Amino acid sequence: MMRLFATLVIGILTMGQFAHPVTAQSQPLRIEITDGVIEPMPYAVPDFVAETPGSNQVAKDISRVIAADLNGTGLFREIPAKAHISSITNFGSPVQFADWKAVNAQALITGGVSVSGNQLEVKFRVYDVFAGTELGNGLRFKGTTDGWRRMAHKVADAVYARITGEGGYFDSRVVYVAETGPKNNRKKRLAVMDYDGANLQYLTDSSSIVLAPRFSPTGDRVLYTSYETGFPQVYVLDVGSVRRKVLSNESGTMSFAPRFSPDGKSVVMSVTEGGNTDLYKMDIGSGKRQRLTSTPSIETAPSYSPDGSKIVFESDRSGSQQIYVMSSRGGEATRISFGKGRYGTPVWSPRGDLIAFTKQHKGRFHIGVMRTDGSEERLLTASFLDEGPTWSPNGRVIMFTRETRGAGGAASLYSVDVSGRNLKPVKINGGGSDPSWSPLQ
């Protein structure tokens, strides 16, 4: 799958009438995303035009994936095809804006699809209907027919970015722990999928317990903890080849809760040695370790800031599970969580402005966010058990594990907007936990 995606080529069309930059006078559409209630923007995405024989189905499929991506954000509302007055039968024909205004479409997405053998070309335009102008320049994506879903996600990312002013997150993947079987005998293995649950691939078997997979900054490797030797050890796995190696297997130690540094050259993790659990940094190339903390408490769940200068982690050094921040070189740590309850699994946002966390208080679990100094804490969810947040590449959405209560309780994946809106389950095959979102591909 990685080799297939590597063949994708992105280019800007140079045909005369295709690229129309938006001028200041056109006042393009823009969704202003705030913490308040947002009325979804109505838009239309007619089936893309099949420009070659045999491309009809893939043209329809691409249109439907684009719509699913945009609808899933909660920021957009698709106007169904049965309400359309106009139809798009030629990608190069002028748009009849009056017909789209009549159905209250504020944005219009049109496209064309060509297939030649196993080669696929997708091109698209985005229009501000009421201004009667195109938003940005048209784009063309080239690749193989097997990669059609990825091209659809790329189109949706471009549309999302042009209307919201933020980067997209649809052309991304999620690695997680796939779970099967009853609660008292649950089988776990690593799995990777597109952010929407498609293209599922298993990376390990279920012969041993696996925990806490974490993507590398380039999305080609995964760190995780395995109990295959009987006690926890950190492994690194190449997603393309599924080859793996143990990172830390020093005699008498246990390693877990790993996380890549932003440059991907080192790993920070918890190491238990002599009954004490501290944070260590390890250079992946040389295997050299550096101890970052030295306290009698348990230090775990580390996460780097995007610039690599700091690490946020959880510790019980104050008597209960709380969140601390320190330099990535180690040294003195500052506590930043002071609300009621216990805090854990902190993760720094890709934007660098927020830290997501799990909170337990009065028998309920929450996913929340706070500023990097601990201020402006906001709880986004509440349930019997919510835990383990991970950020989308643009820092707009958080995915996490939700488990139901009781002997038959099962773990599944959910997502929520950073403002607390649009809470929904993630489509996966069976149960799942411990998600980690990749960067954009």
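This passage walks through one helix, the aromatic pairs and the charged side chains of a predicted model.

A convenient place to start is helix α2, which covers residues 56-72. Its 17 residues span 25 Å from the first C-alpha to the last, close to the 24 Å expected at 1.5 Å a residue. Several of its side chains are hydrophobic and buried, among them Val 58, Ile 62, Val 65, Ile 66 and Leu 70. The buried set of α2 also includes Ser 63 and Asp 69, together with Ala 59, Ala 67 and Gly 72. Just after the helix comes Gly 74, where phi is positive, at about 80°.

Aromatic rings come next, with 14 aromatic pairs in the structure. In one of them, the ring centres of Tyr 160 and Tyr 169 are 5.9 Å apart and the planes meet at 80°, so this pair is edge-to-face. Tyr 160 is buried, with a relative accessibility of 0%. Tyr 169 is buried as well, at a relative accessible area of 5%. Another pair is made by Phe 170 and Tyr 195, whose rings are tilted, with 5.7 Å from centre to centre and 50° between the planes. Phe 170 belongs to the loop between α4 (148-164) and β9 (173-180), while Tyr 195 belongs to the loop between β10 (187-194) and β11 (201-202), so their contact ties together parts that are 25 residues apart in sequence. Phe 170 and Tyr 195 are both buried. These four residues also belong to a cluster linked by ring pairs, in which Tyr 160, Tyr 169, Phe 170 and Tyr 195 are joined by Tyr 43, Phe 76 and Trp 437.

Rings also meet charges in this model. The charged end of Arg 189 is placed over the ring of Tyr 202, 3.5 Å from the ring centre. In a second case, Arg 317 lies over the face of Tyr 324, and here the distance to the ring centre is 5.0 Å.

Charged side chains also meet one another, and the structure contains 22 salt bridges. One of these joins Arg 149 to Asp 196, with an N to O distance of 2.6 Å. This bridge connects distant parts of the chain, since Arg 149 sits in helix α4 and Asp 196 in the loop between β10 and β11, 47 residues apart. Asp 196 counts as partly exposed because its relative accessibility is 21%, where the limit for a buried residue is under 20%. A further bridge pairs Glu 179 with Arg 186 at 3.3 Å, N to O, and both of these residues are buried. Asp 220 and Arg 221 form a salt bridge too, their closest N and O atoms lying 3.8 Å apart. With a relative accessible area of 28%, Asp 220 is partly exposed. Elsewhere, salt bridges with shared partners bring Glu 166, Arg 351, Arg 396 and Asp 417 into one network.

Arg 259, finally, is found in strand β16, residues 253-260. What is the nearest side chain of opposite charge to this buried arginine? Asp 434 holds that place at 8.8 Å, and Arg 259 has no salt bridge even though it is buried. The side chain of Arg 259 does reach the backbone oxygen of Pro 302, at a distance of 3.4 Å.

Conventions:
Residues are numbered from 1 along each chain as its sequence is written. This is a predicted model: local features need pLDDT of at least 70, side-chain atom pairs count only at pLDDT 80 or more; totals for chains, interfaces and linings use all residues. Side-chain values use heavy atoms; hydrogens and water are left out. Helices (H or I, at least four residues) and strands (E, at least two) are DSSP runs, numbered from the N terminus. The expected span of a helix is 1.5 Å times one less than its number of residues. Buried means under 20% relative accessible area, exposed over 50%, partly exposed in between (1.4 Å probe, protein chains only). Rings of Phe, Tyr and Trp (its six-membered ring) pair if their centres lie within 6.5 Å; planes under 30 degrees apart count as stacked, over 60 as edge-to-face and the rest as tilted. A charge sits over a ring if NZ of Lys or CZ of Arg is within 6 Å of the ring centre and within 35 degrees of the ring normal. A salt bridge is a side-chain nitrogen of Lys or Arg within 4 Å of a carboxyl oxygen of Asp or Glu. Lys and Arg count as positive and Asp and Glu as negative; His and the chain ends are not counted. A polar contact is a pair of N or O atoms within 3.5 Å; within protein, one must be able to donate a hydrogen and the other to accept it, and residues adjacent in sequence count only if both atoms are side-chain atoms.
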